[in-house]
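The following questions and answers go through one protein model step by step. Please look at the sequence and the structure first.

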Amino acid sequence: MKIGVIADIHGNAVALKAVLNDFDKRRDIEHIYCLGDMIGIGPNTNEVLKILFARKDVSMITGNHDEAVWHF
């Protein structure tokens with residue numbers, strides 16, 4: 001089984017879309033793991049979360065930036 005691994009997206013929806021597009025073109029990646037820091041620095045935090053939560057093939061764990069936001 002081949003997997004994709006992404007991390008430290010930090011609200012960069014443009015980069016996330018590019019990476020996911022590359023994964024989708026491969027057609028041999030069965031699951032994608034996001035290793036945290038999805039939000040925090042870039043301008044498109046909401047869009048990044050919407051993209052990730054909409055996919056059935058993505059599992060996520062929280063990173064330190066994600067944790068910092070959840071604790072407000």
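Q: In which loop is Asp8 found?
A: This is a predicted model. Asp8 has a relative accessible area of 46% and is partly exposed. Its place in the chain is the loop between E1 and H1.

Q: What is the phi of Asp8, which is not a glycine?
A: Asp8 belongs to the loop between E1 and H1. Although Asp8 is not a glycine, its phi is positive, at about 55°.

Q: Is Arg27 buried or exposed?
A: Arg27 is part of the loop between H1 and E2. It is not a glycine, yet it has a positive phi of about 65°. Its relative accessible area is 77%, and the cut-off for the upper class is over 50%, so Arg27 is exposed.

Q: How many salt bridges does the structure hold?
A: One of them joins the side chains of Asp28 and Lys2, at 3.3 Å from N to O. Another joins Glu47 and Lys17, at 2.6 Å. The structure holds five.

Q: How many residues apart in sequence are the parts that Asp28 and Lys2 tie together?
A: The side chains of Asp28 and Lys2 meet in a salt bridge. Asp28 lies in the loop between helix H1 (13–26) and strand E2 (29–34), while Lys2 lies in strand E1 (residues 2–6), so the pair ties together parts whose separation in sequence is 26 residues.

Q: Which residue is linked with Lys2 and Asp28 in a network of salt bridges?
A: Lys2 is partly exposed at 45% relative accessibility, and Asp28 is partly exposed at 27%. The network of salt bridges links these two with Arg26.

Q: Which helices does the salt bridge of Glu47 and Lys17 tie together?
A: The side chains of Glu47 and Lys17 meet at 2.6 Å, N to O. The two residues are 30 apart in sequence, and Glu47 lies in residues 45–54, so the pair ties together helix H2, which holds Glu47, and helix H1, which holds Lys17.

Q: Which residue meets Arg55 in a salt bridge, and in which helix does it lie?
A: The N to O distance of this salt bridge is 2.7 Å. Arg55 lies in the loop between H2 and strand E3 (58–60), so its salt bridge ties together parts that are 31 residues apart in sequence. The partner is partly exposed, at 40% relative accessibility. It is Asp24, in helix H1.

Q: Are H1 and H2 roughly parallel or roughly antiparallel?
A: The axes of H1 and H2 are 9 Å apart, and the angle is about 25°. Angles under 35 degrees fall in one class, so H1 and H2 are roughly parallel.

Q: How many residues of the contact of H1 with H2 are nonpolar?
A: H1 brings Ala13, Leu16, Lys17 and Leu20 to the contact, and H2 brings Glu47, Val48, Ile51 and Leu52. Two residues of this contact are charged and none is polar. The nonpolar ones number six.

Q: Is Ala13 buried or exposed?
A: Ala13 has its place in helix H1. Leaving aside neighbours within four places in sequence, it is in contact with Asn44, Glu47 and Val48. Its relative accessibility is 1%, and the cut-off is under 20%, so Ala13 is buried.

Q: How many residues has the largest nonpolar core?
A: In soluble globular proteins, nonpolar side chains tend to be buried together. In this model, the residues with the most contacts inside the largest nonpolar core are Ile6, Ile9, Leu16, Met38 and Leu52. H1, E2 and H2 each supply at least two residues of this core. The number of residues in it is 16.

Q: Which residues does Ile9 touch, not counting residues up to four places away in sequence?
A: Ile9 is among the residues with the most contacts inside the largest nonpolar core. The residues that Ile9 touches are Leu16, Cys34, Gly36, Asp37, Met38, Val48 and Leu52.

Q: What distance separates the C-alpha atoms of Gly36 and Thr62?
A: Gly36 lies in the loop between E2 and H2 and is buried at 2% relative accessibility. Beyond its neighbours within four places in sequence, Gly36 has contacts that include Ala7, Asp8, Ile61 and Thr62. Gly36 and Thr62 are 26 residues apart along the chain, and their C-alpha atoms are separated by 4.5 Å.

Key:
Residues are numbered from 1 along each chain as its sequence is written. This is a predicted model: local features need pLDDT of at least 70, side-chain atom pairs count only at pLDDT 80 or more; totals for chains, interfaces and linings use all residues. Side-chain values use heavy atoms; hydrogens and water are left out. A salt bridge is a side-chain nitrogen of Lys or Arg within 4 Å of a carboxyl oxygen of Asp or Glu. Helices (H or I, at least four residues) and strands (E, at least two) are DSSP runs, numbered from the N terminus. Buried means under 20% relative accessible area, exposed over 50%, partly exposed in between (1.4 Å probe, protein chains only). Axes are lines fitted to C-alpha atoms, for helices over the stretch in contact, and angles run from 0 to 180 degrees between N-to-C directions. Angles under 35 degrees count as roughly parallel, over 145 as roughly antiparallel, 65 to 115 as roughly perpendicular and the rest as oblique. Contact means heavy atoms within 4.5 Å. Ala, Val, Leu, Ile, Met, Phe, Trp, Tyr, Cys and Pro count as nonpolar, Asp, Glu, Lys and Arg as charged, and the others, Gly among them, as polar. A nonpolar core is a set of buried Ala, Val, Leu, Ile, Met, Phe, Trp, Tyr and Cys residues joined through side-chain atoms within 4.5 Å.
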